[in-house]
Amino acid sequence: MPFDLEIDYDRGNALHRLGRSAEAREAWRRALERADGSLSSRALQNIGTALAAEGDREGAVAAFTDSLRRDPGNEDARFDLEVLLRKRQEGGTRPRQPGQ
């Protein structure tokens, strides 16, 4: 995997931790455009987490679902999707922070 893909992914994680969500999503999208498999799935999972934190549950559900299409073994994305779907019905916890 090219090194710059990981840099964009990691940059997104750092920006998200700094509260710069829009910039973080852009960095993850740059990684996503050129990545496949596990990295693209993790990037989409992080995009979903950021969208959920901003209150865009539908966008987050779509991102988590796409994440699982790219890597059905991504248990973290599966967990985050389940949390959001349950939250629709009963309210509750937020998905984990990217990079955790």
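**Salt bridges and core of a five-helix chain**

At 38% relative accessibility, arginine 11 sits in the partly exposed class. That value, like the rest here, comes from a predicted model. Arginine 11 pairs up with aspartate 8 in a salt bridge, with 3.0 Å between the closest N and O atoms. Both residues belong to helix H1 and sit three residues apart, or about one turn of the helix. Aspartate 8, though, counts as buried, because its relative accessibility is just 7%, and the cut-off for buried is under 20%. The pair doesn't stand alone: Asp8, Arg11, Arg30 and Arg34 are joined in a network of salt bridges.

Zooming out, the protein chain has five helices and zero strands, so the pattern along the sequence reads α-α-α-α-α. Of its 100 residues, 43% are buried. The chain exposes about 5500 Å², and carbon and sulfur atoms supply 48% of that area. Among contacts with a separation of 6 or more, 49% are between residues 24 or more positions apart.

Back to the charged side chains: the structure holds 10 salt bridges in total. One of them brings together arginine 25 and glutamate 54, at 2.5 Å from N to O. This pair links distant parts of the chain, with arginine 25 in helix H2 and glutamate 54 in the loop between H3 and H4, 29 residues apart. Arginine 25 is buried, at 15% relative accessible area, whereas glutamate 54 is partly exposed at 44%. Another salt bridge joins glutamate 58 to arginine 88, with the closest N and O atoms 2.8 Å apart. Since glutamate 58 is in helix H4 and arginine 88 in helix H5, this pair ties together parts that lie 30 residues apart in sequence. Arginine 88 is partly exposed, at 43% relative accessibility.

Then there's the nonpolar side of things. The largest nonpolar core has 24 residues, and Tyr9, Trp28, Ile47, Ala60 and Leu84 touch the most other members. Helices H1, H2, H3, H4 and H5 each give two or more residues to this core, and the largest share, seven residues, comes from H3. Setting aside residues up to four places away in sequence, alanine 60 touches Gly48, Leu51, Ala52 and Leu84.

Serine 67, in helix H4, is buried too, with a relative accessible area of 0%. Beyond its neighbours within four places in sequence, serine 67 is in contact with Ser41, Leu44, Gln45, Asn74 and Ala77.

Terms used. Residues are numbered from 1 along each chain as its sequence is written. This is a predicted model: local features need pLDDT of at least 70, side-chain atom pairs count only at pLDDT 80 or more; totals for chains, interfaces and linings use all residues. Side-chain values use heavy atoms; hydrogens and water are left out. A nonpolar core is a set of buried Ala, Val, Leu, Ile, Met, Phe, Trp, Tyr and Cys residues joined through side-chain atoms within 4.5 Å. Buried means under 20% relative accessible area, exposed over 50%, partly exposed in between (1.4 Å probe, protein chains only). Helices (H or I, at least four residues) and strands (E, at least two) are DSSP runs, numbered from the N terminus. Contact means heavy atoms within 4.5 Å. Accessible areas come from the Shrake-Rupley method with a 1.4 Å probe; for residues, only the protein chains shown count as cover. A salt bridge is a side-chain nitrogen of Lys or Arg within 4 Å of a carboxyl oxygen of Asp or Glu.
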